[in-house]
Each structure stands twice: as C-alpha cells, then as structure tokens.
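The following note is offered to a colleague who is meeting this structure for the first time. Its points may be read alongside the sequence and the model.

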Amino acid sequence: MTALVYGLAVAGESTVRALLRHGVAVKVADDTITDARLALASELGVELVDAAQTSAERLLDGCTLLCPAPGVAEHHPIIIAAQHLGLDIVSEIELAYRWEQSRPDGPRPMLAVTGTDGKTSTTKLTVAILEAAGVRSVDAGNTDTPLVDAIDARNDDGTEMYDAFVVECSSFRLAFTPTFRADAAAWLNVQPDHLNWHTSMASYEAAKAQVFANQRPDDVVIGFANDAAVMGHLATAPGRTLSFGLTAGEYRSEDGLLIGPSGTIAPITSLRRTLRHDITNALAASALVLETGLADVAAIERALGTFIGPAHRLERLGSHNGADWFNDSKATTPHAASAAIRSFENIVLIAGGADKGVDLSSMADEAWRCTGVLAIGTTASTIANIFASVTRVESVGTLERAVERAAVWASPGDIVLLSPGCASLDQFTNFQVRGEAFRTLFTQLAGQQLQGVSA
C-alpha cells in the first residue's frame with residue numbers, strides 16, 4: 001500500500017509520521033513549497049513534491065490511498081482526480097479509527113462531537129468529565145492532538161496513555177470518513193460555514209451527517225432539539241437517539257437543574273459560567289458520558305465546578321473605565337457571533353474579517369442590543385451595512401483602530417465585545433492570533449488606565 005499525503009502542515013506531518021509507524025509507504029505533495037516544509041520532509045525521510053509542477057494524475061500514480069490535509073478543499077483537483085480514479089480518500093480520523101479497530105485488546109471507546117459552533121468547548125468539557133470519573137482521555141481530531149497521534153500515545157513505561165477518546169469532528173475531517181464511527185456522537189448545530197471549502201451548503205451538511213452515518217443500532221446518537229436540520233438527520237440515524245436543549249429534549253434544563261432521562265444531573269449553578277450555550281454544551285457532554293456509562297452524575301458535577309472553557313470563546317478580559325471587555329475571536333461564523341450578541345445588552349461590537357462566502361445578515365437579528373458597531377477586515381463594509389440601524393457604526397479597518405474607538409465609545413456598564421462572525425485570515429494567521437492580539441491591545445489599554453491612576 002502506498003499513500004499520498006497532500007499538505008505538509010500540522011495534520012499532514014502527524015499523518016506522515018503515523019503512516020510510517022504503521023508500515024505504509026508514503027508520498028508527500030503540497031501546493032506551497034517552503035524551506036521549512038522541505039526541511040521537515042527531509043527529517044521524515046520522504047520526498048516533498050511540488051504539486052504546482054506535477055499533475056494530479058501523476059502524483060496519484062501507484063497510490064492506493066489519498067490522505068488530504070484538512071485545508072485541501074473537496075473541489076481541489078487532487079480530490080477530483082482521486083475520485084475519478086476510485087481511490088480511497090481518508091482523513092486522519094478515518095485512518096486512526098481503522099488502526100484502532102485492529103488493536104489487540106479491542107478498540108477503546110470513542111465519543112464524537114460536531115457542529116458549526118461549540119465543538120471545542122463541548123469536547124474539552126467531555127474530557128474534563130471523563131478525567132473526573134478516572135477515565136484517561138484526550139480531546140483529539142480538530143485539536144492540537146490529531147487522532148492518529150492519540151491512539152499511539154504511550155507513557156514512559158510503554159503503556160497506553162488513554163482509555164478513551166473524545167474526537168472533535170470538523171466537516172473537513174468528516175467529509176472523508178467512509179467507516180469512522182463513534183460509540184456516542186453529538187451534533188450541536190448546523191449553520192452556513194466553510195462555503196469556500198465545500199461546494200455547497202448541502203455538501204457541508206452532508207459532511208457533518210457522517211458523524212452518525214456509520215453508527216450501529218446500539219450506538220448513541222445525540223442531537224440539538226432546537227435545530228431542525230440536526231433533528232432531521234437524527235430521525236434517520238441508525239443508533240439510539242436522544243436530544244438535548246435548553247428547555248426541550250431528554251437532556252434539558254428545568255427549575256435551575258440540568259436534567260437527564262434518569263433525573264437530576266447537577267444544579268446549573270455548578271457551572272462556572274451559565275450563558276445559554278454553556279448550559280446546552282454541558283447537557284450534550286452529560287449525554288455523551290452518561291449514555292455510554294463512562295461517567296456518573298457525581299463526576300459531571302465535579303467537572304462542571306472546575307472547568308474553564310478554552311480561550312477566545314466569550315472570554316472576559318477585564319474592565320476598562322467601567323466597561324467589561326470580552327474576547328470571542330473564535331466566533332468565525334454569523335451563528336456564533338449571534339449567540340454572543342444575545343448574551344448581552346449595551347454592546348460596543350467589534351466585528352468583521354475574512355469572507356468565507358456566507359451570508360452575514362443574521363448577525364444583526366438583535367442589533368438593538370448594540371450601542372455601537374466597529375467594522376474591521378475585508379467584510380467591514382458588509383458589517384457596516386447590516387448594522388445600519390445602530391446609532392453609531394464605523395468602518396475602522398484594523399483591530400488596533402477598533403480598540404482605540406471602542407475605548408472612547410464604551411460607557412460604564414457597557415460591554416465591549418470582539419465577536420467577528422468572520423474568519424481571521426485577512427489580517428491574522430488564525431483566530432487564536434487575532435484573539436491574542438485583542439488581549440494584548442486590551443492589556444495595554446488597561447495598563448494606561450492604571451498608569452493614569454498612579455500618576
């Protein structure tokens with residue numbers, strides 16, 4: 001067997017290393033050849049082919065397997081060529097799943113989480129609950145730990161590092177999963193996103209639906225009760241179905257409690273933060289661990305009390321001149337930004353960024369919550385137009401300028417909210433870099449205030 005790994009960034013590197021560990025011959029190609037990637041290929045002992053100088057058919061010659069990196073879109077020439085040739089196209093989570101099925105002691109439990117928004121928080125919370133229950137687990141897949149690395153991870157004494165895996169499943173990875181299945185899978189929501197990668201919204205939704213497609217009748221299928229599209233797929237899923245929602249579903253909130261089919265799970269006040277999506281994420285994570293028997297309600301309550309969500313997701317940075325500042329750089333979709341906006345009133349909103357080909361108008365559904373909007377990035381004019389009903393709207397271009405203006409506009413009791421609703425790639429490497437830049441700008445602003453007080 002020979003595999004072509006297409007794309008030698010983070011996931012591509014892990015895939016190459018994993019394939020070599022498992023005795024598979026590897027070819028590597030990339031659209032962009034850099035000195036760093038050439039050096040990495042040399043370290044790995046593989047040749048890195050410049051795809052811009054070689055036809056897709058020639059690259060695939062002699063290969064039985066194509067392993068595209070997550071950034072390789074479904075309409076990329078290499079994907080089309082592989083499909084035409086009838087080759088097996090697999091993501092890294094598919095590879096890892098196949099290898100895990102051959103584990104001598106049998107496969108370990110896999111839980112899966114997908115959705116347009118909320119995947120990372122729900123995945124990490126599920127890991128925290130499992131750890132509280134004494135189950136060694138890791139958030140893998142669309143995270144800092146590719147699943148191909150997680151399944152092979154070993155302690156210093158050679159024993160396996162993990163008892164179970166919680167797989168964050170992006171549409172990029174799910175699109176190429178002909179056999180991947182999870183013992184329990186939760187689908188949080190579906191909204192337009194990544195339409196610069198997928199050929200259509202239908203294609204995006206179909207990729208997400210792969211999280212249920214290969215499940216067995218005794219597997220657990222979990223969907224968000226308030227999302228009609230998700231519930232439509234839930235109705236035809238092969239596993240045992242359950243739903244969750246703020247007030248609807250087998251897993252719901254009621255009288256200040258998180259409730260499941262067997263009764264009370266924990267008081268909502270157990271959560272360190274209790275915004276609407278914090279509650280629904282907790283319900284989804286609870287369903288994953290309870291329905292598989294991997295944790296009990298005591299472990300859930302312990303984890304809820306200590307869990308701190310990942311950075312850049314409605315992360316409070318502090319206060320400046322009586323206004324609270326929040327970093328929600330991870331909100332790269334209108335749906336995510338809308339959820340953040342619904343969490344507050346008297347908002348000075350900083351929004352905009354790179355265009356992913358989706359309609360941004362839903363961000364302004366509750367524009368009345370905003371006292372001002374500062375539009376940044378390549379979508380600045382679109383943001384300014386959809387928020388035209390807000391009293392103060394200004395296209396400022398850069399995040400630095402937005403922070404300067406927000407500091408002037410915000411009054412005591414206001415919320416300054418970075419919730420872009422767009423990707424970051426017009427001005428930043430990723431949403432993390434954008435969020436860290438916002439944090440730095442706020443820290444400098446707060447420092448100036450402290451200097452003024454001490455003076």
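1. Strand β16 and strand β20 (residues 415–418) run parallel and are joined by 4 bridges. Within this pairing, Asn-327 stands opposite Leu-418 of β20. The reader should bear in mind that the model is a predicted one.

2. Strand β16 also pairs with strand β15 (residues 315–320), here in the antiparallel sense and over 5 bridges. Ser-319 faces Asp-324 of β16 across this pairing. The two strands β15 and β16 form a hairpin with 2 residues between them. In the turn, Asn-321 has a positive phi of about 50°.

3. Is strand β16 largely enclosed or not by the rest of the structure? Of the 5 residues of β16 (residues 323–327), 4 are buried, so the strand is largely enclosed by the rest of the structure. Buried here stands for under 20% relative accessible area.

4. Elsewhere, an open sheet of 5 strands shows parallel pairing, in the order β3-β2-β1-β4-β5. Its edge strands, β3 (48–50) and β5 (88–89), each pair on one side only. Strand β1 (residues 2–6) runs parallel to strand β2 (residues 25–30), and 5 bridges join them. Val-5 has Val-28 as its bridge partner in β2. Helix α4 (residues 77–85) packs on the sheet, where it touches β1, β4 (65–68) and β5. The direction of α4 makes about 155° with that of β4.

5. Two helix pairs deserve attention. Two packed helices are described by the angle between their axes and the distance between the axes. For helix α1 (residues 10–21) and helix α2 (residues 35–44), the angle is about 15° and the axes lie 11 Å apart. Angles under 35 degrees count as roughly parallel, and α1 and α2 are therefore roughly parallel to each other. Their crossing is right-handed. Helix α1 contributes Glu-13, Val-16, Arg-17 and Leu-20 to the contact, and α2 contributes Leu-40, Glu-43 and Leu-44. By class, this contact of α1 with α2 has 4 nonpolar, no polar and 3 charged residues.

6. Helix α6 (residues 119–132) and helix α12 (residues 297–306) pack at about 125°, with their axes 8 Å apart. That angle makes α6 oblique to α12. The crossing of α6 and α12 is right-handed. On α6 the contact is made by Leu-125, Ala-128, Ile-129 and Ala-132, and on α12 by Ala-299, Ile-300, Arg-302, Ala-303 and Leu-304. By class, the contact of α6 with α12 has 8 nonpolar, no polar and 1 charged residues.

Technical notes
Residues numbered from 1 in each chain as written. Predicted model: local features only at pLDDT ≥ 70, side-chain atom pairs only at ≥ 80, totals over all residues. Heavy atoms only, no water. Pairing = 2+ DSSP bridges. Contact = heavy atoms within 4.5 Å. Axes fitted to C-alpha atoms, helices over the stretch in contact; angles between N-to-C directions. Parallel < 35°, antiparallel > 145°, perpendicular 65-115°, else oblique. Left-handed = near helix turned anticlockwise from the far one by under 90°. Nonpolar A, V, L, I, M, F, W, Y, C, P; charged D, E, K, R; others polar. Buried < 20%, exposed > 50% of the residue type's maximum accessible area, 1.4 Å probe, protein only.
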